[in-house]
Amino acid sequence: MSFSNTAETAINTYIFIGTDVSWNANTDLYFALYTSDPGEAGSAVTNEATYTNYARVAVARATDLTVSGATVENAVLVQFPICGVTSNTVTHVGIVTSSSGAGTLIVSGALASSQTIQNGNQPQFNAGDFVFTID
């Protein structure tokens with residue numbers, strides 16, 4: 001798992017210059033699904049899933065994520081919307097700063113296995129399924 005280039009710059013600027021990261025005031029962050037690796041140079045929308053009814057899922061920073069050393073993981077069940085007609089195969093997950101559109105991709109990584117999301121399927125991930133180790 002890795003920070004995006006944008007997040008790395010924001011964090012370095014925060015640490016060494018003292019400028020807050022743009023998402024500091026957010027009470028929520030958002031899980032997003034991707035059809036391939038958005039990459040460190042990617043944004044929140046790079047290779048983002050497009051299945052019918054897809055939407056990012058809000059997670060409360062204070063309660064829905066846990067941090068232990070260099071590891072961040074989801075502390076709650078994460079349920080994405082039920083797929084309509086158009087399907088996708090998703091391979092990656094990310095944490096982004098906005099509920100839709102061009103937000104900052106903070107971190108992303110590969111799922112344990114790809115998932116084909118078809119009509120009537122609801123992608124969901126148990127607590128601890130998303131583990132980001134940043135080193």
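**Figure 1. Tyr51 in the loop between β2 and β3.** Tyr51 sits in the loop that joins β2 and β3. The model is predicted. Tyr51 counts as buried because its relative accessibility is 2%, under the 20% limit. Leaving out residues up to four places away in sequence, Tyr51 touches Phe80, Pro81, Ile82, Cys83, Thr86, Ser87, Asn88, Ile117 and Pro123. Tyr51 and Phe31 are 20 residues apart along the chain, and their C-alpha atoms are separated by 15 Å.

**Figure 2. Thr52 in the loop between β2 and β3.** Thr52 also belongs to the loop between β2 and β3. At 28% relative accessibility, Thr52 is partly exposed. Its contacts, not counting residues up to four places away in sequence, are Ile82, Cys83, Gly84, Val85 and Thr86. Tyr51 touches Ile82, Cys83 and Thr86, among others. Between the C-alpha atoms of Thr52 and Ala127 there are 25 Å, with their positions 75 residues apart along the chain.

**Figure 3. The Phe31 and Phe130 ring pair.** The whole structure holds five aromatic pairs. In one of them, Phe31 and Phe130 lie 4.8 Å apart, centre to centre, with 45° between the planes. This pair is tilted. Phe31 comes from strand β2 (residues 28-34), and Phe130 from the loop between β9 (124-125) and β10 (131-133). The pair links distant parts of the chain, 99 residues apart. Phe31 is buried, with a relative accessible area of 0%. Phe130 is buried too, at 3%.

**Figure 4. The Tyr51 and Tyr54 ring pair and the aromatic cluster.** How are the rings of Tyr51 and Tyr54 arranged? Their centres are 5.5 Å apart and their planes meet at 70°, so the pair is edge-to-face. Both Tyr51 and Tyr54 are buried. Ring pairs join these two tyrosines with Phe31, Phe80, Phe125 and Phe130 in a cluster.

**Figure 5. The largest nonpolar core.** Nonpolar side chains tend to be buried together in soluble globular proteins. Here the largest nonpolar core has 33 residues. Phe31, Leu33, Phe80, Phe130 and Phe132 have the most contacts inside the core. At least two core residues come from each of α1, β2, β3 (57-60), β7 (88-96) and β8. Strand β2 gives the largest share, six residues.

**Figure 6. Contacts of Leu33.** Which residues does Leu33 touch, not counting residues up to four places away in sequence? They are Asn47, Glu48, Ala49, Tyr54, Phe80, Val90, His92, Val93, Ile117, Pro123 and Phe125. Tyr54, Phe80 and Phe125 are members of the aromatic cluster. Phe80, Ile117 and Pro123 are also among the residues that Tyr51 touches.

**Figure 7. The largest pocket.** The volume of the largest pocket is about 350 Å³. Its lining has 16 residues, of which Phe3, Trp23, Leu29, Arg61 and Ile106 are the closest to the centre. Which elements give two or more residues to the lining? They are α1 (5-17), β4 (65-68) and β8 (105-117). By type, the lining residues are 13 nonpolar, one polar and two charged. Both α1 and β8 also supply residues to the largest nonpolar core.

Key:
Residues are numbered from 1 along each chain as its sequence is written. This is a predicted model: local features need pLDDT of at least 70, side-chain atom pairs count only at pLDDT 80 or more; totals for chains, interfaces and linings use all residues. Side-chain values use heavy atoms; hydrogens and water are left out. Rings of Phe, Tyr and Trp (its six-membered ring) pair if their centres lie within 6.5 Å; planes under 30 degrees apart count as stacked, over 60 as edge-to-face and the rest as tilted. Helices (H or I, at least four residues) and strands (E, at least two) are DSSP runs, numbered from the N terminus. Buried means under 20% relative accessible area, exposed over 50%, partly exposed in between (1.4 Å probe, protein chains only). On a 1 Å grid over the protein atoms alone, a cavity is a set of points where a 1.4 Å probe fits but cannot get out, and a pocket is an open set with protein on both sides within 12 Å along at least five of seven lines; lining residues have an atom within 4 Å of a point. Grid points are joined across faces, edges and corners, and a volume is the space filled by probe spheres set on the points. Ala, Val, Leu, Ile, Met, Phe, Trp, Tyr, Cys and Pro count as nonpolar, Asp, Glu, Lys and Arg as charged, and the others, Gly among them, as polar. A nonpolar core is a set of buried Ala, Val, Leu, Ile, Met, Phe, Trp, Tyr and Cys residues joined through side-chain atoms within 4.5 Å. Contact means heavy atoms within 4.5 Å.
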